[in-house]
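Biologist: Could you take me through this model and explain the labels you put on it? I would like to see how each one is reached.

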Amino acid sequence: MDLLNTLVDKGLRRELPTREEALAVLATSDDDLLEVVAAAGKVRRQWFGRRVKLNYLVNLKSGLCPEDCSYCSQRLGSKAEILKYTWLKPDEASKAAAAGVAGGAKRVCLVASGRGPTDRDVDRVSQTIEAIKEQNEGVEVCACLGLLSAGQADRLRSAGADAYNHNLNTSEGTYGDITTTHTYADRVETVQQAQAAGLSACSGLIAGMGESDADLVDVVFSLRELDPDSVPVNFLIPFEGTPLAKEWNLTPQRCLRILAMVRFVCPDVEVRLAGGREVHLRSMQPLALHLVNSIFLGDYLTSEGQAGQADLDMIADAGFEVEGAGTTTLPRHRTDAAAEAETGGGCGSHAGGCAPCGDVADEPGHAEAEVPGARTDLVAVRRRGAGTDLAPNA
């Protein structure tokens, strides 16, 4: 297929596809799906080999968020029956993080519900970061705390944070349809604050909220321009008790096409398969490893993932390997560019640029499915791990 040959060539050169080419990937038929996966897989292997980076979520504060994001189980007015608790103590969070590290995770993602942290919250998270770093040598720590105020990103970095996550979620044109309590521009500004502080930026999207193909392409092109180091791709799980509880729009094939499009547009960044993979990809999850180079291990924020050992078995059975703690995730040209920017040089790493830890990696639901193939039976609210007396899944 000429389209795929063109996209592979561009991906190997880190050249931006056209919008028409990206849209064409989403429009390919199921008959062409394996060809699409194989083509995007060539780009993935060029920059990341057969390595899979494991990330582990620790939900520091669950529920009771004042924001009205329609997709979120922790939103203002949510009737979802999720775990709700206030801030974990640093030693509790460190213990939870250790379970993920023991399971093979090289990055721990610290997430807290809310509009954004107060200065006291930043102090609290800084203590948690220090505790995790002290007990887990070499682990990366990513914070996901919402909108940042001036100076907070610098303080997190000084405490030892390596990265900051804040997802764009959807296109600028449709952002107001899913959230009214903050703006798309607010999210962009927070990512830029993290970058300016020298933190590795992590920003991604949510697919399956009823958006069009054009919306998906818009947000991925915006991410490329923003140029984060990692792009989490979340697939909405419509959570009973949220406004999007009936939005069962995804099939495994659709998810794979979306991941392939993201890889073609952002060829050399860490593309992370995030929330919703178990529900929407189901038995086709191993095919996604040919497109992404990063996944979350075990459970998410308010929903349960498949068993951590099942994740490890899937990676091995598919012919991939878990990325070791001593391996640098990103290609050398990106890490060199980051070092240059830190010392006052340039800030981009490829033509055009490219773009919570799973802030929707927890959006499951029990709505009665109206779309054929919707599998509400695969969704389970998290009842173990952080904020409970039960052992975590890692």
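Here are a few questions about a helix pair, a cavity and a pocket in this predicted model.

Biologist: Why are α1 and α3 called roughly parallel?

Modeller: The axes of helix α1 (residues 2-12) and helix α3 (residues 33-48) cross at roughly 10°. Angles under 35 degrees count as roughly parallel, and therefore α1 and α3 get that label. Their axes also come within 9 Å.

Biologist: Which residues of α1 and α3 make the contact?

Modeller: From α1 there are L4, L7, V8, G11 and L12, and α3 brings E35, V36, A39, K42, V43, Q46 and W47. Heavy atoms within 4.5 Å are what makes this a contact. By class, the contact holds 8 nonpolar, 2 polar and 2 charged residues.

Biologist: What makes the second largest cavity a cavity?

Modeller: A 1.4 Å probe fits there but cannot get out, so the space counts as a cavity. Its volume is about 90 Å³. Of its 13 lining residues, Y56, L57, R382, G385 and A386 are the closest to its centre. Strand β1 (residues 51-61) gives the largest share of the lining, 4 residues. The lining divides into 7 nonpolar, 3 polar and 3 charged residues.

Biologist: And how do you know which residues line the second largest pocket?

Modeller: A lining residue has an atom within 4 Å of a point, and 13 residues line this pocket. Nearest its centre lie E92, K95, G385, A386 and T388. The second largest pocket holds about 250 Å³ of space, and its lining has 6 nonpolar, 3 polar and 4 charged residues.

Key
Residues numbered from 1 in each chain as written. Predicted model: local features only at pLDDT ≥ 70, side-chain atom pairs only at ≥ 80, totals over all residues. Heavy atoms only, no water. Axes fitted to C-alpha atoms, helices over the stretch in contact; angles between N-to-C directions. Helix = DSSP H or I, 4+ residues; strand = E, 2+ residues; numbered from the N terminus. Parallel < 35°, antiparallel > 145°, perpendicular 65-115°, else oblique. Nonpolar A, V, L, I, M, F, W, Y, C, P; charged D, E, K, R; others polar. 1 Å grid on protein atoms, 1.4 Å probe; cavity = no way out; pocket = protein on both sides within 12 Å on 5 of 7 lines; lining within 4 Å. Points joined across faces, edges and corners; volume = space filled by probe spheres on them.
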